[in-house]
Amino acid sequence: MAQIEVIKQDPETFAVTVTINTTTVHIVTLKHDYYQKLTGGKAAPERLTEKSFEFSFQLVECSSDCWCRILSDSADCVTHRAVMQSR
């Protein structure tokens, strides 16, 4: 499974480092009102961000060479999964 590290850059911006076979860094913006809507303040924004990345890995089961594409384009990933399941 991926190693995920979330570093808070400011109250609404996080740097997420994902390591599988390679390391990628993603800048994530999480608006305070959306964070509150999702969590009711019951989880730290960093935790929500980390769990969101973990969830994205669970949505698609494919080879490790496409993980970066999965993180950058979730629409392609859902399509990829549907194609893989229909085979």
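This report looks at charged side-chain pairs and one polar contact in a predicted model.

Local features are described where pLDDT is at least 70, side-chain atom pairs count only at pLDDT 80 or more, and totals for chains, interfaces and linings use all residues. Residues are numbered from 1 along each chain as its sequence is written, and side-chain values use heavy atoms, with hydrogens and water left out.

**Salt bridges**

Side chains of opposite charge can pair when their charged atoms come close. A salt bridge here is a side-chain nitrogen of Lys or Arg within 4 Å of a carboxyl oxygen of Asp or Glu. The structure holds four of them, and the table lists some, including the pair Glu46 and Lys8.

| Pair | Closest N and O atoms |
|---|---|
| Glu46 and Lys8 | 4.0 Å |
| Glu12 and Lys31 | 3.6 Å |
| Glu54 and Lys51 | 3.0 Å |

Where do these residues sit? Helices (H or I, at least four residues) and strands (E, at least two) are DSSP runs, numbered from the N terminus. Let us start with the salt bridge between Glu46 and Lys8. This pair links distant parts of the chain, with Glu46 in helix 2 (residues 45-59) and Lys8 in strand 1 (residues 3-10), 38 residues apart.

Next comes the salt bridge of Glu12 with Lys31. Glu12 lies in the loop between strand 1 and strand 2 (13-19), while Lys31 lies in the loop between strand 3 (23-29) and helix 1 (32-39), so the pair ties together parts that are 19 residues apart in sequence.

Glu54 and Lys51, by contrast, both belong to helix 2, where they are three residues apart, about one turn of the helix.

**Buried or exposed?**

Buried means under 20% relative accessible area, exposed over 50%, and partly exposed in between (1.4 Å probe, protein chains only). Glu46 counts as partly exposed because its relative accessibility is 25%, and Lys8 is partly exposed at 43%. Glu12, at 25%, is partly exposed, and so is its partner Lys31, at 46%. In helix 2, Glu54 has 22% and is partly exposed, as is Lys51 with 35%.

**A polar contact in helix 1**

Thr39 is found in helix 1. Thr39 counts as buried because its relative accessible area is 15%. A polar atom of the Thr39 side chain lies 2.9 Å from the backbone oxygen of Tyr35. A polar contact is a pair of N or O atoms within 3.5 Å; within protein, one must be able to donate a hydrogen and the other to accept it, and residues adjacent in sequence count only if both atoms are side-chain atoms.
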